Amino acid sequence: MIKNISVSFFLLFSIITSAQQGTSSPYSFYGIGEVRFRGTVENRLMGGVSMFPDSLHVNIINPATYSTLKMSTYTVGATTSYTKLNSFQKNEKAQRSTLDYMAVGIPLKNAGFGFGLIPYSSVGYRIRNEDSDGIVKRYEGTGGVNKVFFGYGHKINSNLSVGLDFNYNFGRIETKNIQKIPEVQFGTQELNTSDLSGFNVNVSAIYQRKFNEKLNVFGSVIYTPESKLQSRNSRIISSVLYSDFYDPQDVDQLDEIRNTYTIKLPSKITFGLGIGQNKKWMLGSEVTFQQSSRFGNRTDDISNVIYRDAVKYSLGGYFIPDASAFSNYLKKITYRGGFRYEKTGMTINNQDLKDYALSAGLGLPLGGAFSNLNIGVEYGRRGTAKALLVEENYTNLLLSLSLNDRWFIKRKYD
């Protein structure tokens, strides 16, 4: 199994770091693109909450939970998204399928660790605009930032666990802007490339204790200090043969312009509270504060956006009718649901960008008592059609596989 996981890791690594387009949002034009949800499908189906200790599922949001793992776990997740883009002038539809993460969690005595790969942000937009004078403008963007992480969680005592993870962020973003004026032979193209890299860390703690004979209460805090990304930028301006029916062809170009820009990734802190009965049900809520006002773009020539401090509220949980049922499969299914509301911190054309979603899904046991298939749906809305902006109504179909096994068992017989 370890060999198969190693092969899967490098396969997923090659796919994620290739030209996979992880978003179709025009808002990915700003900053380093659309910042993706870090957690697993199981977290996402519960509105994104992450304070629950779990002995069978890897929780890559909260490294303190690695100390609660009882079995080695391999998990992979994917999303298919359907988006309706509504603006004052036109409506469009978009569809995309992405691999979202791969992670491995391994338990130790009073501790545990995990590692994996996830997309951190994605850029993916294609916009064409023609004004009343016949001037055509096209904007295209691809790429994003990926994250390799390693986390460790340690159990201080039966109630308190702490954790820390290290992340290396890397990626490339390419944007292309084209303008064609009628009765002018050639169009003008600006090609920008940004190669990004940097490190950051997350620290967390989870406290749990019995409220009474059946109920447990949980408290959690996750903190991400401010960090930096180095953006090595390249800009090429050229005249091109332009047509709507084929890619622009360079005719002449100016000398390449290179510079290095430092992007600040804002600090973030999450507080969570939850209550529930072990292997039966859990309900939790989280609030996340992010200093997005300290965020920066890849370049200094984007002027219609203002960054403010962001806040996100999450509520969710799960229910298992009877985890020990042998004859009734439906009673062993895990039912999950959640809600989130987020002020993203971006203000574009004096309009605050907000995002909210409802989610629900199932955890289906596979074969033995521990591995499972998780499926679900998330429906949400982001943005607004006011001030010449775009309202996105999206439906995400979520799928993940969590495989559990016991590794590194000392054999009694050869």
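**A first look at this chain**

Trainee: Is Phe-88 buried or exposed, and what is its relative accessible area?
Mentor: A residue is called buried under 20% relative accessible area, exposed over 50%, and partly exposed in between, with a 1.4 Å probe and protein chains only. Phe-88 passes the upper cut-off and is therefore exposed, its relative accessible area being 69%.

Trainee: What kind of model is this?
Mentor: Residues are numbered from 1 along each chain as its sequence is written, and side-chain values use heavy atoms, with hydrogens and water left out. Local features need pLDDT of at least 70 and side-chain atom pairs count only at pLDDT 80 or more, while totals for chains, interfaces and linings use all residues, since the model is predicted.

Trainee: In the loop between which strands is Phe-88 found?
Mentor: Helices (H or I, at least four residues) and strands (E, at least two) are DSSP runs numbered from the N terminus. On that numbering the chain comes to three helices and 19 strands. The loop that holds Phe-88 runs between strand E2 (72–86) and strand E3 (91–108).

Trainee: How many Å apart in space are Phe-88 and Asn-167, C-alpha to C-alpha?
Mentor: In sequence, 79 residues separate Phe-88 from Asn-167. In space, C-alpha to C-alpha, their separation is 40 Å.

Trainee: What is the radius of gyration of the chain?
Mentor: The radius is taken over C-alpha atoms, and the globule rule is 2.2 Å times the number of residues to the power 0.38. For 414 residues, a compact globule would by this rule have a value near 22 Å, and the chain agrees with that. Along its principal axes the C-alpha trace spans about 80 × 45 × 40 Å, and the radius of gyration of the chain is 23 Å.

Trainee: What share of the contacts in the chain with a separation of 6 or more comes from residues 24 or more positions apart?
Mentor: A contact here means heavy atoms within 4.5 Å. Among the contacts with a separation of 6 or more, the residues 24 or more positions apart account for 66%.

Trainee: Which element gives the most to the largest nonpolar core?
Mentor: Such a core is a set of buried Ala, Val, Leu, Ile, Met, Phe, Trp, Tyr and Cys residues joined through side-chain atoms within 4.5 Å. The largest one has 21 residues, and Ile-32, Leu-196, Met-346 and Ile-348 have the most contacts inside it. Two or more residues come from each of strand E4 (111–130), strand E11 (257–265), strand E14 (305–307) and strand E16 (334–348). With three residues, the element that gives the most is E4.

Trainee: How many residues does the second, separate core have?
Mentor: Leu-45, Leu-69, Tyr-101 and Leu-398 are among the residues of this second core. Its number of residues is 11.

Trainee: What is the relative accessible area of Asn-43?
Mentor: Asn-43 lies in helix H2 (residues 41–44). Beyond residues up to four places away in sequence, Asn-43 touches Phe-37, Gly-48, Val-49, Ser-50, Asn-59 and Ile-61. Asn-43 counts as buried, with a relative accessible area of 6%.

Trainee: What separates the C-alpha atoms of Asn-59 and Gly-114?
Mentor: Asn-59 has its place in the loop between H2 and E2, and is buried at 6% relative accessibility. Its contacts, not counting residues up to four places away in sequence, are Asn-43, Ser-50, Phe-52, Thr-65 and Tyr-66. Although Asn-59 and Gly-114 are 55 residues apart along the chain, their C-alpha atoms are separated by 9.1 Å.

Trainee: What is the relative accessible area of Gly-114?
Mentor: Gly-114 lies in strand E4. Leaving out residues up to four places away in sequence, Gly-114 touches Tyr-66, Val-104, Gly-105, Phe-149, Phe-150 and Gly-151. From Gly-114 to Asp-165 the C-alpha to C-alpha distance is 8.7 Å, across 51 residues of sequence. Gly-114 is buried, and its relative accessible area is 0%.

Trainee: What is phi of Asn-350 near, in degrees?
Mentor: Asn-350 is found in the loop between E16 and strand E17 (351–365), and is exposed with a relative accessible area of 68%. Its phi is positive in a residue other than glycine, near 65 degrees.

Trainee: What is the positive phi of Lys-279, in degrees?
Mentor: Lys-279 lies in the loop between strand E12 (268–277) and strand E13 (281–290), and counts as exposed at 57% relative accessibility. Although Lys-279 is not a glycine, its positive phi is about 60 degrees.
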